[in-house]
Amino acid sequence: MVFGQVVIGPPGSGKTTYCNGMSQFLRLIGRYECAVNIEDLIKLSDVMAEHSLGPNGGLVYCMDYLEKNVDWLESKLAPLIKDHYLLFDFPGQVELFFLHSNAKNVTEKLIKKLDLRLTAIHLVDSHLCSDPGTYVSALLLSLSTMLHLELPHINDLSKIDLIESYGKLAFNLEFYTDVEDLSYLQYHLDQDPRSAKYRKLTKQLCELAHPSLITSVSLQDKESVGNLVKLIDKSNGYIFAGIDASAVEFSKIAHHVLYLEQDQVLTDMDWDCKERTSGTPMGEQDLQQSGKNAA
């Protein structure tokens with residue numbers, strides 16, 4: 001069997017940046033990632049031009065096409081799964097994950113045919129925490145996505161290092177990551193004249209929107225990435241000698257320089273991370289200290 005992550009989330013939530021940083025982290029601890037570009041099968045730009053579709057309609061068409069030609073993806077992955085760790089960078093159209101069945105069908109077929117163990121990583125832009133209404137909406141989206149995909153599911157607040165720039169939060173960060181009693185948000189929601197008249201509906205939504213724990217990670221912080229990897233390892237079964245043994249892998253970071261790219265972004269249809277050679281290196285001293293802490 002082979003293990004991996006299905007990275008999903010709304011547009012702009014940081015999926016490709018996450019995959020890029022995560023793939024570099026995994027390489028440093030001795031795992032491998034696969035590079036398969038879905039554009040070798042079908043290109044979004046070609047679909048839009050040929051069928052006069054917009055980006056959303058084009059992505060749905062591409063997913064339909066991939067589902068019908070999933071054997072192509074199987075053939076690309078089959079020779080690699082023996083010693084690779086998979087990162088699937090899905091498009092950002094949220095309808096693909098809680099409304100349409102294409103993404104679910106593709107992952108189910110791959111799991112059965114290739115004996116995969118996958119965890120869905122649902123990225124939520126931390127900017128949404130700055131407004132109680134959008135935060136509740138994000139929770140509902142996470143919940144519906146989790147129920148639809150039927151995969152081990154981890155919600156993650158992305159761009160957490162930028163959260164202070166979005167303004168003061170109504171509560172401390174732990175309130176949003178622990179998904180505590182959302183009734184405390186009721187007062188803040190009632191202050192908005194647009195939502196005050198929907199008080200009863202809002203109350204019911206707050207009671208419903210209660211998914212599992214939300215983690216938070218900054219790709220600039222090796223320790224937080226390592227903790228997230230441990231959580232993913234528990235959810236998909238990638239456990240080698242007990243969860244604390246992950247430190248053996250994480251300690252390898254001390255011997256490498258980690259590059260985090262800021263200026264190079266993959267297209268959403270590029271469903272896997274490719275090896276990079278450019279970027280800004282993080283300090284060797286920081287990496288060494290991270291290795292000591294992990295060990």
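## Notebook: helix packing and two positive phi angles

I began at the end of H6, which is followed by Asp115, a residue with a positive phi near 55 degrees. Before going on I noted that this is a predicted model, in which local features need pLDDT of at least 70 and side-chain atom pairs count only at pLDDT 80 or more, while totals for chains, interfaces and linings use all residues. I also noted that residues are numbered from 1 along each chain as its sequence is written, and that side-chain values use heavy atoms, with hydrogens and water left out. For the labels, helices (H or I, at least four residues) and strands (E, at least two) are DSSP runs numbered from the N terminus.

**Entry: Asp115 and Ser52**

I placed Asp115 in the loop between H6 and strand E3 (116-125), and recorded that its phi is positive although Asp115 is not a glycine. Its relative accessible area is 32%, so I entered Asp115 as partly exposed; buried means under 20% relative accessible area, exposed over 50%, and partly exposed in between, with a 1.4 Å probe and protein chains only. I then looked up Ser52, which likewise has a positive phi of about 55 degrees without being a glycine. Ser52 is in the loop between H2 and H3, and with a relative accessible area of 67% it is exposed.

**Entry: H6 by itself**

I counted 13 residues in H6 and a reach of 18 Å from its first C-alpha to its last, close to the 18 Å expected at 1.5 Å a residue, where the expected span is 1.5 Å times one less than the number of residues. The buried residues of H6 are Asn102, Ala103, Lys104, Val106, Thr107, Leu110 and Leu114.

**Entry: H3 against H6**

Two packed helices are described by the angle between their axes and the distance between the axes. The axes are lines fitted to C-alpha atoms, for helices over the stretch in contact, and the angles run from 0 to 180 degrees between N-to-C directions. For helix H3 (residues 55-68) and helix H6 (residues 102-114) I noted an angle of about 25 degrees and axes 9 Å apart. H3 and H6 are therefore roughly parallel to each other, on a scale where angles under 35 degrees count as roughly parallel, over 145 as roughly antiparallel, 65 to 115 as roughly perpendicular and the rest as oblique. H3 passes H6 in a left-handed crossing; a crossing is left-handed if the near helix is turned anticlockwise from the far one by less than a right angle, and right-handed if clockwise. On the H3 side I listed Met63, Asp64, Leu66 and Glu67, and on the H6 side Asn102, Ala103, Asn105, Val106 and Lys109, contact meaning heavy atoms within 4.5 Å. These residues divide into four nonpolar, two polar and three charged, with Ala, Val, Leu, Ile, Met, Phe, Trp, Tyr, Cys and Pro counted as nonpolar, Asp, Glu, Lys and Arg as charged, and the others, Gly among them, as polar.

**Entry: H2 against H3, and Gly58**

Helix H2 (residues 44-51) packs on H3 at about 110 degrees, with the axes 9 Å apart, and that makes H2 roughly perpendicular to H3. Their crossing is right-handed. Leu44, Val47, Met48 and His51 of H2 make the contact with Pro55, Gly58, Leu59, Tyr61 and Cys62 of H3, a set of seven nonpolar, two polar and no charged residues.

I looked more closely at Gly58, which lies in helix H3 and counts as buried at 0% relative accessibility. Leaving aside its neighbours within four places in sequence, I found Gly58 in contact with Leu44, Val47 and Leu53. Between the C-alpha atoms of Gly58 and Asp46, 12 residues apart along the chain, the separation is 9.0 Å.

**Entry: H4**

In helix H4 (residues 70-77) I entered Val70, Trp72, Leu73, Glu74 and Leu77 as the buried residues. Their cover includes H3, strand E2 (86-89) and H6.

**Entry: H1, H12 and Gln220**

The axes of helix H1 (residues 15-28) and H12 come within 11 Å and cross at roughly 85 degrees, which makes H1 roughly perpendicular to H12. Here Tyr18, Met22, Phe25 and Leu26 in H1 meet Lys222, Val225, Gly226, Leu228, Val229 and Ile232 in H12, and I recorded eight nonpolar, one polar and one charged.

Last, I located Gln220 in the loop between strand E5 (214-216) and helix H12 (222-236); at 37% relative accessibility, Gln220 counts as partly exposed. Gln220 and Gly21 are 199 residues apart in sequence but 8.8 Å apart in space, C-alpha to C-alpha.
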